[in-house]
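Could you walk me through the fold of this protein chain, from its sheet to the helices that pack on it? Happy to, and here is the model itself.

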Amino acid sequence: MAFRSLRRAIKLVHAGLIRVGLVPYTRPFGYTVDKWDRTYRQGENDHYGSLAESGRYGVVLGYIALFGQGLRILDIGCGEGIMRRRIPGEAVARYVGMDISKEALARARPADRSEFRFGNFKAVESELYDLVICNEVLYFIDDVDGLLAEIGKALAPGGKLVASITRHRGDFALADKLDAKFRLLDRVTIKSDVHHVKWHVSCHERREAAV
């Protein structure tokens, strides 16, 4: 018991040091393209569409429902298209899902006014979007600041960013990066008492340049 308490205290101190900038934030999960393809092939990511993950999807979809209909949507790290299947059709004027796993994209179901592309955030096109979704993807990215810069370029005036981040060491530092780049509209924390997982889901808006 004493050892577990000490280990927890060390983790909390480390997380605090990351948040105040004394320890740099680094991604906690170093997945490669090959590893993503392998885990999708072996069914290790099937839980993304399960009941255990439904809480965060509910909040993300709740935010999207407030943004109206006919949205231009960019879903970075779309996986096999679970989010697209859950977004009502009337909300979509155009949907682009991007992922680095060809194995995941091969499982994506065709949908009206939607396409799925292979590539990372550096392949984001110059077209503007009303909504960018980062659903459990930010903490897999090595260059988070680079990704957020590209999202800033991709968002239309008044455009929204909805992000879901699983609880991990340094998650508050990651949230601080989002808040520094975009205007925070809302953030909630979701906890599953059954599956023992917690997420932070946030809604941000593009900051307009001062005139």
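What follows is a short tour of the sheet, two of its helices and one buried residue.

A word on the ground rules: this is a predicted model, in which local features need pLDDT of at least 70 and side-chain atom pairs count only at pLDDT 80 or more, while totals for chains, interfaces and linings use all residues. Residues are numbered from 1 along each chain as its sequence is written, and side-chain values use heavy atoms, with hydrogens and water left out.

**Overview**

The protein chain holds seven helices and seven strands; these are DSSP runs numbered from the N terminus, helices being H or I with at least four residues and strands E with at least two. Read from the N terminus, the order of elements is α-α-α-β-α-β-α-β-β-α-β-α-β-β. Of the 211 residues, 43% are buried, where buried means under 20% relative accessible area with a 1.4 Å probe, protein chains only. The exposed surface of the protein chain is about 11100 Å², and carbon and sulfur atoms supply 54% of it; these areas come from the Shrake-Rupley method with a 1.4 Å probe.

**The sheet**

Seven strands form an open sheet in the order β3-β2-β1-β4-β5-β7-β6, with mixed pairing. Its edge strands, β3 and β6, each pair on one side only; two strands pair if DSSP finds at least two bridges between them. On average, neighbouring strands are turned by 15 degrees against each other, direction ignored. At one end of that order, β6 and β7 pair in the antiparallel sense over nine bridges, and Leu-184 stands opposite His-204 in β7.

**Helices on the sheet**

Both helices below can be compared with β5; axes are lines fitted to C-alpha atoms, for helices over the stretch in contact (heavy atoms within 4.5 Å), and angles run from 0 to 180 degrees between N-to-C directions.

| Helix | Residues | Strands | Angle to β5 |
|---|---|---|---|
| α6 | 144-154 | lies across β1, β4, β5 | about 145 degrees |
| α7 | 171-181 | touches β5, β6, β7 | about 175 degrees |

The buried residues of α6 include Val-144, Leu-147, Leu-148 and Ile-151. Among the elements covering the buried residues of α6 are β1, β4, β5 and α7.

**One residue in α7**

Ala-173 is found in helix α7. Why does Ala-173 count as buried? Because its relative accessibility is 9%. The C-alpha atoms of Ala-173 and Thr-26 are separated by 9.9 Å, although the two residues are 147 residues apart along the chain.

Terms used
Buried < 20%, exposed > 50% of the residue type's maximum accessible area, 1.4 Å probe, protein only.
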